[in-house]
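Student: I should like a close look at a single part of this protein, namely one of its pockets. Please describe what forms the lining, and then place that account within the wider fold.

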Amino acid sequence: MDRPEVRKLVIVGGGTAGWITAAAFARLLGQRLQIELVESEAIGTVGVGEATIPQIIRLNAILGLDENAFLSATSGTFKLGIEFVDWGRKGSRYLHTFGDTGMTLANVAFHHHWRRSAGTAPDPKGLWDFSLHQLAADQARFGKLDRVGNTAMTGLAYAYHFDASRYALFLRDYAEGRGVTRTESIVESVARDGESGDIRSITLKGGKEVAGDFFIDCTGFRALLLGETLGVGYRDWSKWLPCDRALAVPSERLPVLVPYTRATARDAGWQWRIPLQHRTGNGHVYSSGFTTDDAAADLLMAGLDTRALGDPRPIRFTTGRREAFWAHNCAAIGLSSGFLEPLESTSIHLIQSHVSRLIQLFPRAGDPSAMRAEYNRRCEEEFAQIRDFLILHYHRTDREDTEFWRFCKHMDVPDSLTHKIALFASSGRVGRDVDDLFRDASWVQVMLGQEIVPADYDPMADQLSEAQLAEFLANLRMLIARAVGTLPTHEEYLARHCPADASLLAA
């Protein structure tokens, strides 16, 4: 059935998901859409998405945000990657960085040259001897570095840590300044068209009706519109990702603001640490099937690096996704579309990627079924690719010291991941999908970090003589050390360019 032109967009729910959606639509489609966001401060938000990946830089650029102003307003810091502690085995440690390790030479990825140089008994940790990001992280340094000297070696790739609630407020000011109407209220009912089944309007507490042509569900785990109203089911992935609960607690700021997130494996899950300018974000993601809430809370509090600033806040979830991300005239963004634990800081990325995709495919008028099918297909693929990347961390481990880790090590995993592991283990090659969020460098670092050492390497790496290879590796280490030595400390960079507002530090 043909539909009239879409003129009124209604976003139900605020928080990071709602206000990223509102800001992006206002910036890119605000001239032709009337946009209204309905939220209730009484409901609150999950608000733990404090770590990001580099794609957020593109979102901020599209919105025209000033990086320094944004970081000052959100008490933000810079992030070069995620340090994984005790994952492959107890005592192991590696940094999944956002950049390349070493550099490509003679059209051969660096890790193949490294694997050749390592001989018959390679130590996976050795790869990070050639990581610009690792050395900068070790020395708590940060600066803008596009290239290493006059070489082809890429510089520092980065993302951010920030206070998610302040980021939502920052984007709210942005969106309202570009014409978005905010309505503070609770949704009491949803009305659908009797013929098409589309959502026609929502009724708010007090009786006000808000009609729209298209609705975006940002109501969190409840999924009021897509799930409860339209009946779109949920696909449960907990057989592969069994963690189903989290506890979040802030603590005092770290004495040294390191430019990376830390994820430490625990007995039945893992603990995050995110350094901000005014405090430290902490949390414990765990499986209720393998530990108790009290034990998880005790482990979290005992593992804090600084004094707690409150009591742990519980969050419950089921890993998975909606059977469809867009149904009728409604799309779900954020937690209402699905949940993948924040092990690789993909929560905010999934919000922005879905918003970007929805804007690219947003219907103007007529039958939207082809756009809707394409949107769902691409969202489904993205969720599956991230799912596999997360499972890799759990499954490829030598840990069998707890029931949880024994389960993860011996569980069956998706065929798509089994293929990637086998390909890398045999040849060092990466079976990356074209649209995969994670680059080859990411798969390589996590595979090696989880101690999957390739049995062989790309034969094209043999183009170099032994002497040429040794000289190449020695020069790389010298260039990296020299480049990192020119960088200011992370704290110096923050103080010079984007110090948190004094009122925020006192809050």
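**The second largest pocket and its setting**

Tutor: By class, the lining of the second largest pocket comprises 8 nonpolar, 7 polar and 8 charged residues. The model is a predicted one. The pocket encloses about 540 Å³ of space, and 23 residues line it. Those that lie nearest its centre are His349, Ser353, Ser356, Arg357 and Glu382. Two or more lining residues come from each of helix H1 (15–29), helix H2 (55–63), helix H9 (347–360) and helix H10 (369–395). Of the elements concerned, H9 provides the largest share of the lining, with 8 residues.

The nonpolar interior may be considered next. The largest nonpolar core has 131 residues, and within this core Phe25 and Tyr394 touch the most other members. Residues up to four places away in sequence being left out, the contacts of Phe25 are Leu9, Gly30, Leu33, Ile35, Ile216, Val355, Leu358, Ile359 and Phe362. A second core, separate from the first, consists of 18 residues, among them Val10, Ile202, Leu226 and Ala324.

Val10 also leads to glutamate 36, since Val10 is listed among the contacts of that residue. Glutamate 36 belongs to strand E2, which spans residues 34–39. Its relative accessibility is 8%, so glutamate 36 counts as buried, the cut-off being under 20%. Apart from neighbours within four places in sequence, glutamate 36 contacts Lys8, Leu9, Val10, Ile11, Thr181, Thr183, Lys208 and Val210. Alanine 211 is 175 residues away from glutamate 36 along the chain, yet their C-alpha atoms are separated by 9.9 Å.

A further position to examine is threonine 402, found in the loop between H10 and helix H11 (403–410). Threonine 402 has a relative accessibility of 13% and therefore counts as buried. From C-alpha to C-alpha, threonine 402 and aspartate 267 are 6.2 Å apart in space, although 135 residues separate them in sequence.

Enclosed space is a separate matter from the pocket. Across the whole structure, a search finds 2 cavities of 30 Å³ or more. The second largest cavity holds about 30 Å³ of space. Its lining consists of Lys420, Phe424, Arg429, Val430, Gly431, Trp443, Val444 and Met447. At least two of these lining residues come from each of helix H12 (415–427) and helix H13 (440–449), and H13 gives the most, with 3 residues. By class, the lining of this cavity has 5 nonpolar, 1 polar and 2 charged residues.

As for the overall fold, the protein contains 16 helices and 21 strands. Its radius of gyration is 23 Å, close to the 23 Å that the globule rule gives for 507 residues, so the protein is as compact as a globular protein of that length. Taken along the principal axes, the box filled by the C-alpha atoms is roughly 75 × 50 × 50 Å. Of the 507 residues, 58% are buried. Contacts between residues at least 6 apart in sequence join residues at least 24 apart in 77% of cases.

Notes
Residues are numbered from 1 along each chain as its sequence is written. This is a predicted model: local features need pLDDT of at least 70, side-chain atom pairs count only at pLDDT 80 or more; totals for chains, interfaces and linings use all residues. Side-chain values use heavy atoms; hydrogens and water are left out. A nonpolar core is a set of buried Ala, Val, Leu, Ile, Met, Phe, Trp, Tyr and Cys residues joined through side-chain atoms within 4.5 Å. Buried means under 20% relative accessible area, exposed over 50%, partly exposed in between (1.4 Å probe, protein chains only). Contact means heavy atoms within 4.5 Å. On a 1 Å grid over the protein atoms alone, a cavity is a set of points where a 1.4 Å probe fits but cannot get out, and a pocket is an open set with protein on both sides within 12 Å along at least five of seven lines; lining residues have an atom within 4 Å of a point. Grid points are joined across faces, edges and corners, and a volume is the space filled by probe spheres set on the points. Helices (H or I, at least four residues) and strands (E, at least two) are DSSP runs, numbered from the N terminus. Ala, Val, Leu, Ile, Met, Phe, Trp, Tyr, Cys and Pro count as nonpolar, Asp, Glu, Lys and Arg as charged, and the others, Gly among them, as polar. The radius of gyration is taken over C-alpha atoms; the globule rule is 2.2 Å times the number of residues to the power 0.38.
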